[in-house]
Amino acid sequence: MNFEAFFATKLDGLRHEGRYRVFAELERRAGGFPNAARYDGAGGPAPVGEVTVWCSNDYLGMGQNQDVIAAMHEALDTCGAGAGGTRNISGTNHYHVLLERELANLHGKEAALLFTSGYVSNWASLSTLGAALPGCVIVSDAGNHASMIEGIRHSKAEKRIFRHNDWKDLDRILSKYGPDRPKIVAFESVYSMDGDIAPMAEIVAVAEKHGALTYLDEVHAVGMYGPRGGGIAEREGLMHRIDVIEGTLGKAFGVVGGYIAASANLVDFIRSFASGFIFTTALPPHVAAGALASIRHLKTSDIERMSQRAAVRKVRARLDAAGIPTIPNDSHIVPVMVGDAAKCKWISDLLLDGHGIYVQPINYPTVPTKTERLRITPTPLHTDHDIDRLVAALSSLWAQCALARQVA
């Protein structure tokens, strides 16, 4: 087989469909977010311009927070660069222990466990639970993230899919299984592409009715919702009724890493049996220190969340006034709907090259075909001038693409 020809043909297919991913080479500048230096992507030694980033998952700008940066510097000076090993073999640092305690407290749980990313925490936890529980069936929301899907697939447990955010369909599926059958209900709180929020109380009530363990992905909600940033479950007063809460340190908390929070026994079970935890190097101590500082800050400060919501309201109002179609939702995510892969990439390229505005096109397989979009995430640090530039540029490009406007 000609392997190189096979790879090239597949890549050419992506390019033809307008789905080939091109990475924007940026340099985040401490204190300058959401602005960044842009490089040419070819390894050039100097930036070629400045851009305003409108698609970052650093939702609150905590990657620029001075307390976070100072904590990371202190940990670097104290501990050095890396953890030095897996958690089991010399890699458990004092900062890891402090962070896990802080996360358990944030979610009102007995314990928490750190992973190298939110993807890994979902994959490792769901695959381990599904494989270990005898005869387990995992009932998963149709909109769940790839990391959850992969974890469920790897578990080899029976998998059932319930219609997105449809608790009645969940009830129908769970009703087919007896009370002695181990069941896990896996769902998210905020879905990142449409920005919709799960009917959590109804889903939890159905799971309790059927004796199912609840597994909630809060990666797009932690830091963002609830009086202390504990997520939608905290905001709705439901944390104590959810068995496993999974989250990330790489979005609103501004660093990197993932975690679960649950009962002491469940966390210890995952710690003891999950290969994705056991056989990987621990997070660097300075990353844990930065996350610790970020969580502690957002537990007591609501300024960032309130400013972010004000920015979202401004962006939505301006887009609505310009007739730019968006998906309405109650979250911090603003999906601008294009509906064509090639045009979506073209608009993104022109925003970047002609206006110094970076918004990554979102195409299949991340979203279904004909629902291609620009996913905008306003932050507390975007100014009114930034918003004016974004909307004016989008309005101009919408006309060039002959795309339909939204009627108010």
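Contact means heavy atoms within 4.5 Å of each other. The structure above is a predicted model, in which local features need pLDDT of at least 70 and side-chain atom pairs count only at pLDDT 80 or more, whereas totals for chains, interfaces and linings use all residues. Residues are numbered from 1 along each chain as its sequence is written, and side-chain values use heavy atoms, with hydrogens and water left out.

**Exercise 1. Determine where Asn363 lies, whether Asn363 is buried or exposed, and which residues Asn363 touches.**

Step 1. Locate the residue. Asn363 belongs to the loop between strand E13 (361–362) and strand E14 (373–376). Helices (H or I, at least four residues) and strands (E, at least two) are DSSP runs, numbered from the N terminus.

Step 2. Classify its exposure. Buried means under 20% relative accessible area, exposed over 50%, and partly exposed in between (1.4 Å probe, protein chains only). Asn363 has a relative accessible area of 8% and is therefore buried.

Step 3. List the contacts. Not counting residues up to four places away in sequence, Asn363 touches Gly18, Arg19, Arg21, Ala341, Cys344 and Glu372.

**Exercise 2. Classify Gly354 as buried or exposed, and state how many Å separate its C-alpha atom from that of Ala393.**

Step 1. Gly354 is a residue of helix H14 (residues 341–355).

Step 2. The relative accessible area of Gly354 is 58%, so this residue is exposed.

Step 3. Gly354 and Ala393 are 39 residues apart along the chain, and their C-alpha atoms are separated by 9.0 Å.

**Exercise 3. Give the strand order of the open sheet formed by four strands, and explain why one side of E1 and of E12 lacks a neighbour in the sheet.**

Step 1. The order is E1-E2-E3-E12, with mixed pairing. Two strands pair if DSSP finds at least two bridges between them. Strands of a sheet pair through backbone hydrogen bonds, either parallel or antiparallel.

Step 2. Strand E1 (26–28) and E12 are the edge strands; each has a single partner strand, so one side of each is left without a neighbour in the sheet.

Step 3. Strand E2 (residues 35–38) and strand E3 (residues 49–53) are antiparallel and share four bridges. Within this pair, Ala37 stands opposite Glu50 in E3.

Step 4. E3 is also joined by two bridges to strand E12 (residues 357–358), and these two run parallel. Here Thr52 has Ile357 of E12 as its bridge partner.

**Exercise 4. Describe the open sheet of seven strands, and state which way the residues of E8 point.**

Step 1. The order is E4-E10-E9-E8-E7-E5-E6, and the pairing is mixed. E4 and strand E6 (158–162) stand at the edges, each with a single partner strand, so each has one side without a neighbour in the sheet. From one strand to the next, the twist averages 20 degrees.

Step 2. Strand E5 (residues 137–141) and strand E7 (residues 183–188) pair in the parallel sense over four bridges, and Val139 has Val185 of E7 as its bridge partner. E7 and E8 are likewise paired in the parallel sense, over five bridges; Ala186 has Tyr215 of E8 as its bridge partner.

Step 3. In a regular strand the side chains alternate between the two faces of the sheet. In E8, Leu213, Tyr215 and Asp217 point one way, Thr214 and Leu216 point the other way, and all are buried. Because five of the five residues of E8 are buried, this strand is largely enclosed by the rest of the structure.

**Exercise 5. Explain why the buried residues of helix H10 line one face, and identify what covers them.**

Step 1. In H10 (residues 264–273), the buried residues are Leu266, Val267 and Ile270. Seen down the axis of H10, they fall within an arc of 100 degrees, so they line one face of the helix. The arc is that of the directions from the helix axis to the C-beta atoms.

Step 2. Asn265 and Phe273, on the other side of H10, are exposed.

Step 3. The cover over the buried residues includes strand E4 (111–115), helix H5 (118–132), strand E8 (213–217), strand E9 (244–248) and strand E10 (258–262).

**Exercise 6. State how many helices and strands the protein chain has, and what percentage of its residues count as buried.**

Step 1. The protein chain has 15 helices and 14 strands.

Step 2. Of its 408 residues, 54% count as buried.

Key:
Axes are lines fitted to C-alpha atoms, for helices over the stretch in contact, and angles run from 0 to 180 degrees between N-to-C directions.
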